[in-house]
Amino acid sequence: MDRWNNKIAVVTGASSGIGEALAKALMKKNIKVVGLARRIEKMKINFNKEQGVFYPIKCDLSKEDEIINVFQWIEKNLKSIHILVNNAGIISENLCIESTTEHIKRTIDVNLIAPTICTREAVKIMRKNNVAGHIININSILGQNILFFNNTAFDMYSPSKFALKAMSQVVELELEHVKNKTKITTIYPGLVKTELPPQESFNVLPYLNAEDVCDSIIHILSTPPHVQIKELTIVPLSSSILLR
């Protein structure tokens, strides 16, 4: 991790769950973290006593202008970006066949369009500064297999995550094409105990803690420059039911 010392990481969805835990883990590695979330007050409270440099920025990831403004602020004030973690996401227990068009579009906006825009803006800054960075997309095992649980297949969540995998592969090929050595990794966690999933699922299904996923992300970032972990699936033991 020494090569990331004093470097800049951007973490979306940093107000809770995996994003919050990861931001704190990166700060402990002496990485400066820009945390993006709508709930800026929650970030300020959660990171108030943390050691390290943390920049909380309010950002609604469904709005392109807010995303672009954030990356312009980063370039102006912090000069560059070295790590981007596209973590923020939303899920719905609606039935897709009954969902509103507005809700369908918002799920796609947050889970797919926003990571794509963040990646585009981060790569612009990385290339301008000749940075060999690392982009990590937090996907889901529901981006590998569809699950029907508690009377729902979670609306457009899985389709957005399947598409996020494809986006990662497209960006990987494009980075190679423009001869930029930035890595891209897609992580597929199983059920993680956060605010996102249906809370009753934790009573009947095995689950991970956010810190379990963060440990794997730190490992991925610790790999030497010539090693790339393209994809990693992380599930709790005895979770075969989720992988069928």
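These legends accompany close-up views of a predicted model.

**View 1. The whole chain, from the N terminus on.** The chain holds six helices and seven strands. From the N terminus, the elements follow the order β-α-β-α-β-α-β-α-β-α-β-α-β. The radius of gyration is 17 Å, and the globule rule gives 18 Å for 244 residues; the chain is therefore as compact as a globular protein of that length. Along the principal axes, the C-alpha trace spans about 50 × 40 × 35 Å.

**View 2. Surface and interior of the chain.** Of the 244 residues, 52% count as buried. The accessible surface comes to about 12000 Å². Carbon and sulfur atoms account for 52% of that surface. Take the contacts between residues at least 6 apart in sequence: 69% of them join residues at least 24 apart.

**View 3. Helix α1, residues 17–28.** This helix has twelve residues. From first C-alpha to last, α1 reaches 17 Å, close to the expected 16 Å. Ten of the twelve residues are buried, so α1 is largely enclosed by the rest of the structure. The buried residues are I18, G19, E20, A21, L22, A23, K24, A25, L26 and M27. E20 and K24 are thus listed alongside nonpolar residues such as L22 and L26. An α-helix has 3.6 residues a turn, so residues three or four places apart point the same way.

**View 4. The largest nonpolar core.** This core has 34 residues. Those with the most contacts inside it are L26, I136, I187, V213 and I217. Several elements each supply at least two of its residues: the strands β1 (8–12), β2 (32–37), β4 (83–86) and β5 (134–138), and the helices α1, α2 (40–46) and α6 (210–222). Another core, of 30 residues, lies apart from it. Among the members of that other core are L36, I57, I67 and A122. In soluble globular proteins, nonpolar side chains tend to be buried together.

**View 5. V213 and its partners.** V213 is among the residues with the most contacts inside the largest nonpolar core. Residues up to four places away in sequence are not counted here. Beyond them, V213 touches I18, I187, P189, V192, L208 and I234. One of these partners, I18, is a buried residue of α1. Another, I187, is listed with V213 among the residues with the most contacts in the core.

**View 6. I68 in helix α3.** I68 lies in α3, which covers residues 64–78. With a relative accessible area of 22%, I68 is partly exposed; the cut-off for buried is under 20%. Leaving aside neighbours within four places in sequence, I68 is in contact with R120 and E121. I117 is 49 residues from I68 along the chain. The C-alpha atoms of I68 and I117 are separated by 8.1 Å.

**View 7. N30, just after α1.** N30 lies in the loop between α1 and β2. Its phi is positive, about 65 degrees, although N30 is not a glycine. Most residues other than glycine have a negative phi. N30 is partly exposed, with a relative accessible area of 38%.

**View 8. N150, between β5 and α5.** N150 is found in the loop that joins β5 to α5 (157–177). Phi of N150 is near 55 degrees, a positive value in a residue other than glycine. N150 is partly exposed, with a relative accessible area of 40%.

Note on methods
Residues are numbered from 1 along each chain as its sequence is written. This is a predicted model: local features need pLDDT of at least 70, side-chain atom pairs count only at pLDDT 80 or more; totals for chains, interfaces and linings use all residues. Side-chain values use heavy atoms; hydrogens and water are left out. Helices (H or I, at least four residues) and strands (E, at least two) are DSSP runs, numbered from the N terminus. The expected span of a helix is 1.5 Å times one less than its number of residues. Buried means under 20% relative accessible area, exposed over 50%, partly exposed in between (1.4 Å probe, protein chains only). Contact means heavy atoms within 4.5 Å. A nonpolar core is a set of buried Ala, Val, Leu, Ile, Met, Phe, Trp, Tyr and Cys residues joined through side-chain atoms within 4.5 Å. The radius of gyration is taken over C-alpha atoms; the globule rule is 2.2 Å times the number of residues to the power 0.38. Accessible areas come from the Shrake-Rupley method with a 1.4 Å probe; for residues, only the protein chains shown count as cover.
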